[in-house]
Amino acid sequence: VDDEDEDDNIFAAMSPQERLEAIGAMLETEEEEDVSGTGIKEEKINTEKQLEQGDKVNVYIRAVFPQSGRFMVTMDSSIKGKKLKDMKREKEANKRLEKLTSKMGGDEGLQNILSSVGLQIEGVVKAKSKTGDWYYIQPEVEGFPVGIAQSEIDEDLASGDRAKIRVDGIDESRGQLALTVLEKLE
């Protein structure tokens, strides 16, 4: 069982009445403003109002498990129209972006990357993807993390090869430094 399954099963050990009370507490969640500048809003739970049997609430199906005949619901309307697989991918990208932000020294470090968009620098290939259509490359600029590079050349690169690369910014879908391989260096 992975961590996410454990998080999604917080109601498993509760009685039906305890579940209603917990859901009622979630309904009364108040969002506070983002005062930290991180883009993450903190939540405060008001436990005074609780759901009672017969109360109507809006829920959205988060996942369906046909083999077991079970399904998972949420009260988060932002999942409407999204697949569980896409939501997990988005969650992973957000984790990587947070890690990148931390590694780069906060928002200033990310701004450093964004201000370097278009910059052509040298880097070292660390690995090639299994599909062979992108590479992990370490830019030879102090403070820059390993990034994901698409290739604009027909030549194959191997681990340890040096290449001229262009900084393209941050790949939002992966939460990593985005690069382009321009040429292989000898």
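**Exercise 1. Work out how strand E9 is paired with its neighbours in this predicted model.**

*Solution.* Start with strand E7, residues 147-151: five bridges join E7 to E9, and the two strands run parallel. To find your way along this pairing, look for Ala 149, which stands opposite Leu 179 in E9. A further landmark is Ser 151, whose bridge partner in E9 is Val 181.

Now turn to strand E8, residues 162-171. Nine bridges join E8 to E9, and here the strands run antiparallel. Lys 164 is a handy marker, with Glu 183 as its bridge partner in E9. E8 and E9 form a hairpin with four residues between them. In the turn, Gly 175 has a positive phi of about 70°.

Finally, check how covered the strand is: E9 spans residues 176-185, and eight of its ten residues are buried.

**Exercise 2. Follow the pairing from E5 through E6 to E7, then put the strands in order.**

*Solution.* Begin with E5 and E6, which run antiparallel and are joined by five bridges. Val 125 has Ile 137 as its bridge partner in E6. Five residues lie between the strands of this hairpin, where Gly 132 takes a positive phi near 80°.

Next, step from E6 to E7. These strands pair in the antiparallel sense over four bridges, and Tyr 135 has Ala 149 as its bridge partner in E7.

Now assemble the picture: five strands close into a barrel in the order E5-E6-E7-E9-E8, with mixed pairing. From one strand to the next, the twist averages 55°. Helix H4 packs on the sheet, where it touches E8 and E9. The direction of H4 makes about 120° with that of E8.

**Exercise 3. Find the best-connected residues of the largest nonpolar core, and say which elements supply the core.**

*Solution.* The core has 19 residues, and those touching the most other members are Ile 113, Ile 137, Leu 157, Ile 165, Leu 179 and Val 181. Then list the elements that give two or more residues: helix H4 (107-115), strand E5 (120-128), strand E6 (134-139), E8 and E9. E8 gives the most, with four residues.

To see one of these residues in its surroundings, select Leu 179. Setting aside neighbours within four places in sequence, its contacts include Ile 137, Pro 139, Ile 148, Ala 149, Ile 165 and Val 167. Gly 147, Gln 150, Arg 166 and Asp 168 are also among the contacts of Leu 179.

**Exercise 4. Is Pro 139 buried or exposed, and what does Pro 139 touch?**

*Solution.* First place the residue: Pro 139 lies in strand E6. Its relative accessibility is 3%, and buried means under 20%, so Pro 139 counts as buried.

Next, look at its contacts, not counting residues up to four places away in sequence. Pro 139 touches Ile 121, Glu 122, Gly 123, Phe 144, Pro 145, Val 146, Ile 165, Leu 177 and Leu 179.

For a distance check, pick Val 167. The C-alpha atoms of Pro 139 and Val 167 are separated by 9.0 Å, while the two residues are 28 apart along the chain.

**Exercise 5. Describe the setting of Asp 161.**

*Solution.* Asp 161 sits in the loop between E7 and E8. Don't let the loop mislead you: with 18% relative accessibility, under the 20% cut-off, Asp 161 counts as buried.

Then examine its side chain, where a polar atom lies 2.8 Å from the backbone nitrogen of Ala 158. Looking beyond residues up to four places away in sequence, Asp 161 touches Gly 123, Val 124, Val 125, Asp 156 and Lys 184.

**Exercise 6. How many aromatic pairs are there, and how are the rings arranged?**

*Solution.* The count comes to one aromatic pair. It is formed by Trp 134 and Tyr 136, with 5.1 Å centre to centre and 85° between the planes. Planes over 60 degrees apart count as edge-to-face, so this pair is edge-to-face.

Last, compare the accessibility of the two partners. Trp 134 counts as buried at 17% relative accessibility, whereas Tyr 136 is partly exposed, with a relative accessible area of 31%.

Note on methods: Residues are numbered from 1 along each chain as its sequence is written. Side-chain values use heavy atoms; hydrogens and water are left out. Buried means under 20% relative accessible area, exposed over 50%, partly exposed in between (1.4 Å probe, protein chains only). Two strands pair if DSSP finds at least two bridges between them. Rings of Phe, Tyr and Trp (its six-membered ring) pair if their centres lie within 6.5 Å; planes under 30 degrees apart count as stacked, over 60 as edge-to-face and the rest as tilted. A nonpolar core is a set of buried Ala, Val, Leu, Ile, Met, Phe, Trp, Tyr and Cys residues joined through side-chain atoms within 4.5 Å. Contact means heavy atoms within 4.5 Å. A polar contact is a pair of N or O atoms within 3.5 Å; within protein, one must be able to donate a hydrogen and the other to accept it, and residues adjacent in sequence count only if both atoms are side-chain atoms. Axes are lines fitted to C-alpha atoms, for helices over the stretch in contact, and angles run from 0 to 180 degrees between N-to-C directions.
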